[in-house]
Amino acid sequence: MYLTPQGTGWIEVICGSMFSGKTEELIRRLRRARIAQQNVRIFKPAIDRRYDEGDIVSHSDQRIPSRVVGRAEEILDHCPLSVQVVGIDEAQFFEPQLVEICRELARRGIRVIVAGLEQDYRAEPFDTIQALVVEAEYVTKSLAICVICGNPAVRNQRLTKKGGQIVVGGSDTYEARCRRCFRPGEDEPELFEGEAGDTK
Ligand SMILES: [Zn+2]
């Protein structure tokens, strides 16, 4: 019996809502791999231009240098045989073909750690993350804290009326909500008296 797979790579997924610490957890695992002298590569999709072009930065400003790639296949081009660990952040912005790429990396013996958003602002799953969860050996689901009531939160409340599944933003554009306080399709939710609104 072994703690991790032997003679092959594997896939770890860190998924959950915004503000749930996904990127911090990814950075933590990658830092530990580096302390162990492992050859680490980190990637993120070109669409995510928040905060910093070349670094992976968590909401709490932890950072680690990363390479921005336009398409998932480019990850393979930047992974020579010496690479042992690959981290991928904001994976929901990659096309579902990312699953094939992760599979190939694992086949090459690489430990693949993927962090991504599970649900969009309508509480619909992102296809790429859903498929990766099925493919992965290890899945960590991180929960945020509902800003309205303090419950564990799985939803992303969009605070802007801008349309489309992908509107990149931080705490000015989204907030974490539990399923009770989540109001899909409303940017200014009205709370009923006696319900959820008491934050003090
Ligand atoms: Zn709540």
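This briefing describes a zinc site and a set of salt bridges in a predicted model. Local features need pLDDT of at least 70 and side-chain atom pairs count only at pLDDT 80 or more, while totals for chains, interfaces and linings use all residues. Residues are numbered from 1 along each chain as its sequence is written, and side-chain values use heavy atoms, with hydrogens and water left out.

**Zinc site**
- The zinc ion has as its protein donors (N, O and S atoms within 2.8 Å of the metal, or 3.2 Å for Na, K and Ca) the SG atoms of C146, C149, C178 and C181, which lie 2.3 to 2.4 Å from it.
- Because the four donor atoms subtend angles of 103 to 119° around the zinc ion, the arrangement is tetrahedral, a term that for four donors requires all angles to lie between 85 and 135 degrees.
- C146 is buried at 3% relative accessibility, and C181 is buried at 0%, where buried means under 20% relative accessible area, exposed over 50% and partly exposed in between, with a 1.4 Å probe and protein chains only.

**Salt bridges**
- The whole structure holds 12 salt bridges, each being a side-chain nitrogen of Lys or Arg within 4 Å of a carboxyl oxygen of Asp or Glu.
- E100 pairs with R103 in a salt bridge whose closest N and O atoms are 2.5 Å apart; E100 is partly exposed at 44%, as is R103 at 36%.
- K141 and E118 meet through their side chains at 3.0 Å, N to O, in another salt bridge, in which K141 is partly exposed at 45% and E118 is buried at 17%.
- A network of salt bridges links E12, E25, R28, R29 and R111, and within it the R28 and E25 side chains meet at 3.1 Å, N to O.

Technical notes:
Four donors count as tetrahedral if all angles lie between 85 and 135 degrees; four count as square planar and six as octahedral if opposite donors are over 155 degrees apart and all others between 65 and 115; anything else is irregular.
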